[in-house]
Amino acid sequence: MASANGGIIGKYNVPAAQAEIISTFNASGTFTTAALTTSVEYLVIAGGGGAGSTVSGGGGAGGYRTASGFSVNASTAYTITVGAGGAQSDAGNSSSMNGSDSTFSTITSTGGGYGAGFQGEGADGGSGGGVGGRNGYADTEGGGDGTAG
């Protein structure tokens with residue numbers, strides 16, 4: 001099992017014969033279930049969107065998904081992908097980058113939308129990015145929309 005350290009959390013839901021284990025990841029890796037594990041509780045958080053630069057919108061938060069009783073196979077390796085935060089724009093009128101998705105098994109959380117440059121609108125994402133401070137979108141269209149997951 002990969003070393004535990006923060007980001008995606010998998011909680012073993014196991015019979016009394018096996019101790020409960022909480023595993024966390026802040027880097028991509030592999031989650032291997034214990035011999036008696038047949039379901040887990042999970043929390044999967046994606047990377048946040050990058051903020052724009054001068055007079056720009058903030059990046060949106062990464063989406064998250066959580067549930068308990070998710071079926072897994074005992075003694076099986078599952079790939080974990082921890083999404084990175086989006087890069088900030090260096091140019092005044094440029095948008096930054098969306099955050100990356102995070103995954104566990106078939107569960108995907110959507111990265112946050114980027115924050116707009118000062119004359120743009122924020123991107124859709126787990127949480128939408130903010131609108132730039134000097135544009136026509138500020139009163140009408142605004143920031144990006146959030147998405148499920």
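So, what share of the contacts in the protein chain with a separation of 6 or more comes from residues 24 or more positions apart? For this chain the figure is 53%. Keep that in mind while we walk through the fold, and keep in mind too that this is a predicted model.

Let's do the overall layout. The protein chain has 8 strands and 0 helices. Read from the N terminus and you just get β-β-β-β-β-β-β-β. There are 149 residues in the protein chain, and 38% of them are buried. On the outside, about 7,000 Å² is exposed, with carbon and sulfur atoms supplying 48% of that.

Before the details, a word on confidence. The average pLDDT for the protein chain is 79, and 76% of the residues score at least 70. Among the elements, strand β7 has the highest mean pLDDT, at 96, while strand β1, residues 8-13, has the lowest, at 48. Over residues 1-9 the pLDDT is below 50, although this stretch does have 37 contacts in the model beyond near neighbours in sequence. Where pLDDT is low, the predicted coordinates should not be read in detail. I'll leave that N-terminal stretch alone from here.

Okay, the inside. Nonpolar side chains in soluble globular proteins tend to be buried together. Here the largest nonpolar core has 12 residues: Phe25, Phe31, Val40, Tyr42, Val44, Phe70, Val72, Tyr78, Ile80, Val82, Phe104 and Ile107. Two strands, β4 (39-45) and β6 (77-81), each supply at least two residues of this core. Which strand gives the largest share of the core? That's β4, with 3 residues.

If you look at the rings in that list, there's a nice story. The structure holds 5 aromatic pairs. Take Phe31 and Phe104: their rings sit edge-to-face, 5.7 Å centre to centre, with 80 degrees between the planes. Phe31 is in strand β3 and Phe104 is in strand β7, 73 residues apart, so this pair links distant parts of the chain. Both Phe31 and Phe104 are buried.

Phe104 has another partner, Tyr42, and this aromatic pair is tilted, at 6.2 Å centre to centre and 50 degrees between the planes. Again distant parts of the chain are linked, with Tyr42 in strand β4 and Phe104 in strand β7, 62 residues apart. Why do we call Tyr42 buried? Because its relative accessible area is 7%, and the cut-off for buried is under 20%. Phe104 has a relative accessible area of 3%, so Phe104 counts as buried as well. Step back and the ring pairs link Phe31, Tyr42, Phe70, Tyr78 and Phe104 into a cluster.

Now for the loops, starting with a polar residue. Where does Thr33 lie? In the loop between β3 (29-32) and β4. And is Thr33 buried or exposed? Buried, because its relative accessible area is 4%. As for what its side chain touches, a polar atom of the Thr33 side chain lies 2.6 Å from the backbone oxygen of Asn73. The Thr33 side chain also reaches the backbone nitrogen of Thr76, at 2.9 Å.

Over in the loop between β5 (64-71) and β6 we find Ser75. Ser75 is not a glycine, yet it has a positive phi of about 50 degrees. There's another serine with a positive phi: Ser105, near 55 degrees, again in a residue other than glycine. Ser105 is in the loop between β7 (102-104) and β8 (107-109). Ser105 is described as partly exposed because its relative accessible area is 34%.

Last stop, towards the C-terminal side. Glu121 lies in the segment after β8. Which residue, 10 residues away in sequence, is 4.5 Å from Glu121 in space, C-alpha to C-alpha? That would be Val131. Glu121 has a relative accessible area of 28%, so it goes down as partly exposed.

To pull it together: 8 strands and 0 helices, a largest nonpolar core of 12 residues, and a ring cluster that includes Phe31, Tyr42 and Phe104. Happy to go back to any of these on the screen.

Definitions and conventions:
Residues numbered from 1 in each chain as written. Heavy atoms only, no water. Core = buried A, V, L, I, M, F, W, Y, C linked by side-chain atoms within 4.5 Å. Buried < 20%, exposed > 50% of the residue type's maximum accessible area, 1.4 Å probe, protein only. Helix = DSSP H or I, 4+ residues; strand = E, 2+ residues; numbered from the N terminus. Polar contact = N/O pair within 3.5 Å; in protein donor to acceptor, adjacent residues only side chain to side chain. Phe/Tyr/Trp six-rings, centres within 6.5 Å; stacked < 30°, edge-to-face > 60°. Contact = heavy atoms within 4.5 Å. Areas by Shrake-Rupley, 256 points an atom, 1.4 Å probe, with all protein chains shown as cover. pLDDT = per-residue confidence, 0-100.
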